[in-house]
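Visitor: Could you teach me how to read a structure like this one, feature by feature? Please give me the general idea each time, then the case at hand.

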Amino acid sequence: MADDVRPGSIGRGEPLEGASLTVTSKSFTEGLILGAVMGIALEAAGAEVLDRTGIQGSIGSREAVRKGDADGGYEYTGTAWITYLGHSEPITDPREQWEAVRKEDAANGLAWLPPSRLDNTYALAMNQRNARKYGTKTMSDVAKLAKSDPDAVKLCVEVEFANRADGLPGMQKAYGMSLPARNITQMDTGIIYTQTAKGSCPYGEVFTTDGRIKSMNLVVMDDDRKFFPNYNAAPMINAKTLKEWPAIADVLNPVTARLDNAVAQDLNARVDVDGEDPHQVALDWMVEEGFVREG
């Protein structure tokens with residue numbers, strides 16, 4: 001990374017001067033933005049940062065940090081607990097979920113810094129017209145509607161969501177739903193949003209931090225039984241790196257604390273809706289928040 005940044009509210013005294021750090025991320029929009037946010041923060045604190053953001057798939061970026069090929073990246077607590085650590089039951093309290101991941105992943109040489117309020121979990125959403133028509137506000141409402149008017153509850157979902165334990169099968173079990181196969185259509189993420197906005201999909205699977213929820217004015221159903229896991233973003237750092245450069249925590253903690261769903265939706269929308277560059281979006285936000293200064 002070659003951003004011309006100096007300390008703002010973070011990185012004062014450049015405690016990471018002399019450090020050569022590699023930052024990684026997954027390849028989707030939010031991952032790219034968060035990877036850039038981490039890298040820019042570390043740059044401002046004096047580190048030289050190598051950009052290895054945008055690794056395909058979930059496991060690649062984690063393995064890079066675990067093996068020491070990268071030093072850190074933002075990861076999601078629910079993904080770590082269920083996908084990487086192999087647990088079938090999520091922990092309902094977000095802080096307890098993070099704490100459990102932090103403790104267990106220490107054995108893998110991974111250190112988890114405090115989590116953000118940004119919770120990129122699953123949800124069902126509909127357009128305003130369908131929300132008025134069906135009157136559902138919660139997932140329990142959707143389950144009731146599925147019993148009283150089975151043809152009304154038609155879902156558009158991704159292939160992965162359709163088959164994951166923390167996706168459609170578990171959701172139906174948790175809410176006592178039994179939707180016929182004809183009511184479930186599998187399609188790509190982007191198409192789900194556009195078809196939900198048009199109303200062709202009465203209920204579409206969405207991610208709660210996606211900028212398209214706001215830009216398309218979609219209504220998100222409340223997960224009132226707290227079925228979907230907490231996917232709070234938190235810095236996942238190689239433990240040896242953190243031991244050598246403990247100031248990484250002081251640099252990143254204030255930035256992570258500022259991240260929530262509203263911030264994520266706005267930043268993601270600038271990329272997915274407005275077509276801006278993820279790195280530039282991250283840099284603009286870091287400057288606007290006063291974390292770093294340019295020049």
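Visitor: What covers the two faces of β4, and how is "buried" defined?

Guide: Buried means under 20% relative accessible area, exposed over 50% and partly exposed in between, with a 1.4 Å probe and protein chains only. Strands are DSSP runs of E with at least two residues, helices are runs of H or I with at least four, and both are numbered from the N terminus. In β4, G72, Y74 and Y76 on one side and G73 and E75 on the other are all buried, so both faces are covered. The strand spans residues 72-76, and because five of its five residues are buried, it is largely enclosed by the rest of the structure. Keep in mind that this is a predicted model: local features need pLDDT of at least 70, side-chain atom pairs count only at pLDDT 80 or more, and totals for chains, interfaces and linings use all residues. Residues are numbered from 1 along each chain as its sequence is written, and side-chain values use heavy atoms, with hydrogens and water left out.

Visitor: Which strand is joined to β4, and in what sense do they run?

Guide: Strands of a sheet pair through backbone hydrogen bonds, either parallel or antiparallel. Here, two strands count as paired if DSSP finds at least two bridges between them. Strand β11 (residues 233-238) is joined to β4 by five bridges, and the two run antiparallel. Opposite Y74 you will find P235 of β11.

Visitor: In what order do the five strands of the open sheet lie?

Guide: The order is β8-β7-β9-β6-β10, with mixed pairing. At the edges are β8 (184-186) and β10 (219-220), each pairing on one side only. Inside that order, β6 (residues 122-126) and β9 (residues 203-207) are antiparallel over four bridges, and A125 has G204 in β9 as its bridge partner.

Visitor: Now a helix, please. What span is expected for α4, and where do its buried residues fall?

Guide: The expected span is 1.5 Å times one less than the number of residues. Helix α4 (residues 94-105) has twelve residues and should span 16 Å, which agrees with the 16 Å between its end C-alpha atoms. Its buried residues are Q97, W98, A100, V101 and D105. They fall within an arc of 160 degrees, so they line one face of the helix; the arc is that of the directions from the helix axis to the C-beta atoms. Among the elements covering them are α2, α3 (77-84), β5 and β11, where contact means heavy atoms within 4.5 Å.

Visitor: What caps the N-terminal end of α4?

Guide: That is D93, with a side-chain oxygen 3.1 Å from the backbone nitrogen of R95. A polar contact is a pair of N or O atoms within 3.5 Å; within protein, one must be able to donate a hydrogen and the other to accept it, and residues adjacent in sequence count only if both atoms are side-chain atoms. For α13 (residues 261-272), the N-terminal cap is D260, whose side-chain oxygen lies 3.2 Å from the backbone nitrogen of A262.

Visitor: How far is D260 from D119 in sequence and in space?

Guide: They are 141 residues apart in sequence and 7.2 Å apart in space, C-alpha to C-alpha. D119 sits in the loop between β5 (110-112) and β6, and is buried at a relative accessible area of 17%. A polar atom of the D119 side chain lies 2.6 Å from the backbone nitrogen of Y231.

Visitor: Which residues have the most contacts inside the largest nonpolar core?

Guide: In soluble globular proteins, nonpolar side chains tend to be buried together. A nonpolar core is a set of buried Ala, Val, Leu, Ile, Met, Phe, Trp, Tyr and Cys residues joined through side-chain atoms within 4.5 Å. The largest one has 86 residues, and L16, L42, M171, I248 and M286 have the most contacts inside it. Helix α1 gives the most to this core, with nine residues. Apart from it lies another core of six residues, including A123, V206, I213 and L218.

Visitor: Is T241 buried or exposed, and what does its side chain contact?

Guide: T241, in helix α11 (residues 239-244), counts as buried at 8% relative accessibility. Its side chain makes a polar contact with the side chain of D71 at 2.6 Å.
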